[in-house]
Each structure stands twice: as C-alpha cells, then as structure tokens.
Amino acid sequence: FMDKSIKRPWIRILTGSLLVALIAMFHINFLTLGNGTWWGFLVSLIFMIYLSWKKVQKESIKHFQCKTASILSFLLPISAIIYSIAFTETMVAKTNSGAAQTGNAIGGFIGGGIVTVFAFIIGISLGIVFHLLSKKSHK
C-alpha cells in the first residue's frame, strides 16, 4: 500500500490542501447561498489531501496544488455571479408587492454587482499569483 522509500512532505501537503480548500469554501458558500459551507470545506480538504498524497515528488505536489488554486481563483467571479442571481431571486420571491419586488431586485443587482467586482479583483489577482507559482514550481 505504501512505499517506504518515498518521502512525502506532510507539511506541504497539509498547507497546500488547506489553502485550496479555503478557496473552494468561497465557491461552495456562493453556490449554496451559505448552506453547507463547512461540509464542503471538509470534503474539499480531504479530497485535496488524497489527491496530493497520490503525487510522488515534492515539485509535482506544489505544482498540482498551485494549479488547482489558480483555476479555482479564476472561477471565483463566475461563482459570485451565480450567487448574485440566486440571492436576488430568493429576495424577490419573499415579497408579494410589485414595488417591494422591484426594490429587492434593484438592491440585489447592485449588491450582487459589488460582490462580483470584489470577487473578480480578488480572483484574478490570486489566480495570477498561483499560476506564476505553479509555473515556477514546474521548472
């Protein structure tokens, strides 16, 4: 089951998996409207530790984790857009009056736009950083 000659860097596996699981937690929070965030975090943490364990060399572990973190970071604005649409829909559905629905829709789109802009800035910045780190570790 386990080759004793292979030395796996446990600290790197755990910290990299924790970082990727934290980024995945934002996606899960956006896509489930805040329900099930911690379960998703635990599942993604265990999944990343397992996938990182399957890598043999230290460089391939770091490259895999940085590449996964960059992909998740680049996808963060898309999750924010989905969250904004779903959140606005639930707010509009809670009211019966036409004026209240209009107000909730306008407020949801303004708030959703702000969340999307922040997710875009943070996601693109982190995605570039992790992409550069993955290219550096792959050489």
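Here is a short chat between a trainee and a mentor about this predicted model.

Trainee: Before we start, what kind of model is this, and how are residues numbered?

Mentor: This is a predicted model, where local features need pLDDT of at least 70, side-chain atom pairs count only at pLDDT 80 or more, and totals for chains, interfaces and linings use all residues. Side-chain values use heavy atoms, leaving out hydrogens and water, and residues are numbered from 1 along each chain as its sequence is written.

Trainee: How many helices does the protein have?

Mentor: Helices (H or I, at least four residues) and strands (E, at least two) are DSSP runs, numbered from the N terminus. From that end, the elements run α-α-α-α-α. With zero strands, the count of helices is five.

Trainee: Are helix 1 and helix 4 roughly parallel or roughly antiparallel?

Mentor: Helix 1 (residues 10–31) and helix 4 (residues 76–93) pack at an angle of about 20 degrees, with axes 8 Å apart. Axes are lines fitted to C-alpha atoms, for helices over the stretch in contact, and angles run from 0 to 180 degrees between N-to-C directions. Angles under 35 degrees count as roughly parallel, over 145 as roughly antiparallel, 65 to 115 as roughly perpendicular and the rest as oblique. The two helices are therefore roughly parallel.

Trainee: Which residues outside its neighbours within four places in sequence is A69 in contact with?

Mentor: A69 belongs to the largest nonpolar core, a set of eight residues (buried Ala, Val, Leu, Ile, Met, Phe, Trp, Tyr and Cys joined through side-chain atoms within 4.5 Å; buried means under 20% relative accessible area, exposed over 50%, partly exposed in between, with a 1.4 Å probe and protein chains only). Contact means heavy atoms within 4.5 Å. Beyond those neighbours, A69 touches V20, I23 and F130.
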